[in-house]
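Work through the two exercises below with the structure open. Each task is followed by a solution in steps.

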2 protein chains.
Amino acid sequence: MQQDAAKTGKGERTKARIVDAALVLFREHGYDATTMRMVAERAGVSLGNAYYYFKSKEVLLQAFYKEMHDAHVAASQEVLSSSNKLHDRLLGVLQARIDVTEPYRRFAALLFRQAADPDSPLNPFHEASRATREEAIQLFEVVIEGANVKVPKDLAKELPELLWTYSMGIVLFWIHDRSEDSARTRKLAAHTSDIVVKLIRLASNPLLRPLRKRVLELLRDFRVTG
Amino acid sequence: MQQDAAKTGKGERTKARIVDAALVLFREHGYDATTMRMVAERAGVSLGNAYYYFKSKEVLLQAFYKEMHDAHVAASQEVLSSSNKLHDRLLGVLQARIDVTEPYRRFAALLFRQAADPDSPLNPFHEASRATREEAIQLFEVVIEGANVKVPKDLAKELPELLWTYSMGIVLFWIHDRSEDSARTRKLAAHTSDIVVKLIRLASNPLLRPLRKRVLELLRDFRVTG
DNA sequence: CGCCGTTTTTGAACATGTTCAAGAAAGGAA
DNA sequence: TTCCTTTCTTGAACATGTTCAAAAACGGCG
């Protein structure tokens with residue numbers, strides 16, 4: 001059962017070639033300027049063949065996001081393995097994302113373009129992208145687990161997703177941020193992550209259990225994600 | 001200087017015909033299913049002529065949004081002229097929007113699709129749509145002005161835009177809401193508007209002035225809109 | 001009216017995402 | 001090997017947003 005490229009199913013290899021071509025071209029010319037014909041040609045297949053493997057140009061983006069996410073996780077490792085302070089870890093992960101995705105700001109905008117369409121399979125809240133989303137949320141699980149904070153069980157259960165949602169808010173701001181090196185977004189992340197950490201500490205106070213319960217229930221009831 | 005249709009500049013009339021055709025077709029078939037050729041034909045002009053007046057299909061949407069907004073304002077009048085309770089007024093306006101735009105939920109999704117693109121002229125945060133945005137914000141000015149609440153000056157200045165932002169959040173939720181008659185969004189609006197009103201009261205407390213100042217400053221610093 | 005610059009209109013052409021019928025290749029069963 | 005089914009591949013065609021050069025209509029001016 002060897003996994004040699006030569007042995008891998010032919011289809012698999014063709015598919016990989018198409019993704020690779022798309023990634024290079026997306027990076028080089030951006031999404032809009034990259035045509036499916038360019039992708040097909042670079043991959044050495046016919047136009048129709050590209051569509052045999054990818055139902056639309058849009059789904060080719062998923063490969064790009066996956067790659068960005070992997071890079072983000074890798075870039076997050078440094079902070080996550082060097083500090084156990086919640087604020088450092090949270091802010092570090094947010095900054096890592098900016099660092100990694102900075103050159104591809106316009107792609108992030110596309111992500112939100114899709115996010116707005118309830119029927120798009122790329123919508124991060126959509127069922128079809130559950131896997132991708134859960135992987136992203138997992139990163140925030142790690143952020144919390146490795147931090148020296150005690151959060152009550154009920155909150156702990158929801159916290160990763162809450163932080164992910166918060167981070168999506170940062171991304172949304174970042175998309176519109178025209179400042180040099182995304183300086184404004186970095187500032188926003190620093191400010192708000194501080195507040196978020198304080199809120200978590202506050203919410204963990206046993207005295208606030210009833211209020212916390214009510215708020216968490218509300219959030220659960222109106223959760224957007226499947 | 002009579003404004004007879006017959007006397008209005010020829011260009012104006014053609015332009016109006018195109019908009020009218022677009023509105024009817026958008027309503028009937030939706031945005032995607034309406035082609036520029038259909039619009040042109042219905043308007044009785046050539047395809048190229050439609051593009052002479054409207055740079056793209058997208059900008060034709062603006063006319064649609066304008067119409068929806070006007071309908072929303074009209075539908076809001078009832079509550080606004082019958083109650084001076086802040087909560088009733090705020091929730092009433094939110095509900096009016098749901099009532100009015102319910103049949104066009106998919107259009108709202110398009111709005112956010114554009115909102116995600118920082119360069120789109122339809123982006124509600126964009127400079128180009130400042131007029132539209134300010135008109136929408138104005139509605140919330142009325143909501144506050146007619147309510148029997150005293151808010152400190154510094155907060156009062158920002159409040160309309162804050163409420164507008166909040167209402168955009170409700171819209172974002174609504175886009176993904178598949179429940180019958182948008183029931184979930186209505187519930188969300190009821191819950192959150194209550195909280196919002198309480199927060200406004202709380203924030204107006206003179207004792208909280210320093211905190212309020214800090215938060216408002218933060219908001220001003222990181223305002224997304226122009 | 002006849003001329004000229006501007007505005008409006010047209011129809012054809014183009015670019016590109018997507019579909020599809022038909023053929024080629026691959027992989028087994030007999 | 002031969003035949004059949006499934007998988008893969010192709011190239012042409014289609015739909016539609018958009019552009020553009022040229023023609024037509026318009027509006028004043030002499």
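**Exercise 1: the surface near DNA strand C**

In this predicted model, helix 2 (36–43) and helix 3 (47–53) of chain A, along with helix 1 (10–29) and helix 3 (47–53) of chain B, each supply at least two residues of the surface near DNA strand C.

Task: Describe this surface by its main contributor, its residue classes and its contacts with phosphate oxygens of DNA strand C.

Step 1. Helix 3 of chain B gives the most to the surface, 4 residues.

Step 2. Sorted by class, the surface residues are 6 nonpolar, 8 polar and 5 charged.

Step 3. Among the 19 residues around the strand, those that come nearest are Met36(A), Tyr51(A), Ser46(B), Asn49(B) and Tyr53(B).

Step 4. Tyr51(A) has a polar side-chain atom 3.0 Å from a phosphate oxygen of DNA strand C. For Lys57(A), a side-chain N or O atom is 2.9 Å from a phosphate oxygen of the strand; for Tyr52(B), the distance from a side-chain N or O atom to a phosphate oxygen is 2.9 Å.

Step 5. Sugar or phosphate accounts for 57% of the strand's atoms within 4 Å of the protein, and bases for the rest.

**Exercise 2: the second largest pocket**

Task: Which elements and residue classes make up the lining of the second largest pocket?

Step 1. The second largest pocket holds about 510 Å³ of space. Its lining has 22 residues, of which Tyr65(B), His69(B), Arg97(B), Leu111(B) and Thr132(B) are closest to the centre.

Step 2. Two or more lining residues come from each of helix 4 (57–82), helix 5 (86–101), helix 6 (105–116), helix 7 (130–145) and helix 8 (153–176) of chain B.

Step 3. Helix 4 of chain B has the largest share, 6 residues.

Step 4. The lining comprises 13 nonpolar, 6 polar and 3 charged residues.

How values were computed. Residues numbered from 1 in each chain as written. Chains lettered and ligands numbered in written order. Predicted model: local features only at pLDDT ≥ 70, side-chain atom pairs only at ≥ 80, totals over all residues. Heavy atoms only, no water. Near = heavy atom within 4 Å. Polar contact = N/O pair within 3.5 Å; in protein donor to acceptor, adjacent residues only side chain to side chain. Nonpolar A, V, L, I, M, F, W, Y, C, P; charged D, E, K, R; others polar. 1 Å grid on protein atoms, 1.4 Å probe; cavity = no way out; pocket = protein on both sides within 12 Å on 5 of 7 lines; lining within 4 Å. Points joined across faces, edges and corners; volume = space filled by probe spheres on them.
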